[in-house]
Amino acid sequence: MRRVLAVGATLVTTGVLSLALAPTPATASTITLNATIDCLNYNSFGDTRDWYPVGPSLSASPYGLGGTPSLVAVPATHSWQTTHTLPSGTTSVSARAMCSQGHQYDMYGSSGGITIPAGVTTVTATWGCTTAPVYPGPWMTNCSVQSVSYS
């Protein structure tokens, strides 16, 4: 009986110590994304709506954007900019847009993605999108990261 009680006391003590010594999680912090989406070329056919990227969008993993970014037009560069707060633990962000409205079946192509290293609180990134005809018909816009910095 003494052995059973001694073993039980040891297990309880070990369990209490392991709980007391368990590492505490770091304080969750959000990530500020400063993003610019720009068309490096466009298919306007005289339509100035294509001066700005059409239907720009951002996506983030694994938790999504945590809300809808508010895009602001930048007339000097014909681009869109946003400052958006991403959920803590976001590991990647990508952007896409279309730089063509000249045809009925224009398509989104690739979206450029970036990986966010652990511990980063601010990401500043610029995406450049280019459009080109895809044989035999529509135009496709592919976006890629032009610059990125972390802090």
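1. A good place to start is the pairing of β1 with β4. Strand β1 covers residues 31-39 and strand β4 covers residues 79-86; the two run antiparallel and are joined by eight bridges. If you want one pair to locate by eye, take Thr32, whose bridge partner in β4 is Thr85. Please keep in mind throughout that this is a predicted model.

2. Stepping back to the whole sheet, six strands make up an open sheet with mixed pairing, and their order is β3-β4-β1-β8-β9-β6. Its edges are β3 (72-74) and β6 (107-108), each of which pairs on one side only.

3. Another pairing worth tracing is that of β8 with β9. Residues 122-133 form strand β8 and residues 139-150 form strand β9, and eleven bridges hold this antiparallel pair. Trp127 is a handy marker here, since its bridge partner in β9 is Val145.

4. Now to the edge strand β3 and its neighbour. Three bridges link β3 and β4 in the antiparallel sense, and Val72 stands opposite Gln81 in β4. The two strands form a hairpin with four residues between them.

5. The turn of that hairpin deserves a second look. Which residue there has a positive phi? In the loop between β3 and β4 you will find His78, which has a positive phi of about 55° although it is not a glycine. Is His78 buried, partly exposed or exposed? With a relative accessible area of 23%, His78 counts as partly exposed, because that class lies between the 20% limit for buried and the 50% limit for exposed.

6. A cis peptide bond is also on my list for you. The bond runs from Ser61 to Pro62, with omega near 0°. Pro62 sits in the loop between β2 (54-61) and β3.

7. Next, the packing. The largest nonpolar core has 21 residues, and the members that touch the most others are Leu33, Leu58, Leu86, Val93, Ile116, Val123 and Trp127. At least two residues of this core come from each of β1, β2, β5 (92-98) and β8. Strand β1 gives the largest share, five residues.

8. Val123, one of those core members, is a good residue to centre the view on. Leaving aside residues up to four places away in sequence, Val123 touches Ile31, Thr32, Leu33, Asn34, Ile114, Ile116, Val148, Ser149 and Tyr150. Thr32, the bridge partner of Thr85, is thus back in view among the contacts of Val123.

9. A polar detail: where is Ser100 placed? Ser100 belongs to the loop between β5 and β6. Its relative accessibility is 2%, so Ser100 counts as buried. The side chain of Ser100 makes a polar contact of 2.5 Å with the side chain of Asp106. You may like to inspect that pair in the viewer.

10. Finally, some figures for the chain as a whole. One helix and nine strands make up its secondary structure, and from the N terminus the elements follow the order α-β-β-β-β-β-β-β-β-β. The chain has 151 residues, 30% of them buried. Taking contacts between residues at least 6 apart in sequence, 67% join residues at least 24 apart. The accessible surface is about 9100 Å², with 61% belonging to carbon and sulfur atoms.

Notes
Residues numbered from 1 in each chain as written. Predicted model: local features only at pLDDT ≥ 70, side-chain atom pairs only at ≥ 80, totals over all residues. Heavy atoms only, no water. Pairing = 2+ DSSP bridges. Buried < 20%, exposed > 50% of the residue type's maximum accessible area, 1.4 Å probe, protein only. Core = buried A, V, L, I, M, F, W, Y, C linked by side-chain atoms within 4.5 Å. Contact = heavy atoms within 4.5 Å. Areas by Shrake-Rupley, 256 points an atom, 1.4 Å probe, with all protein chains shown as cover. Polar contact = N/O pair within 3.5 Å; in protein donor to acceptor, adjacent residues only side chain to side chain.
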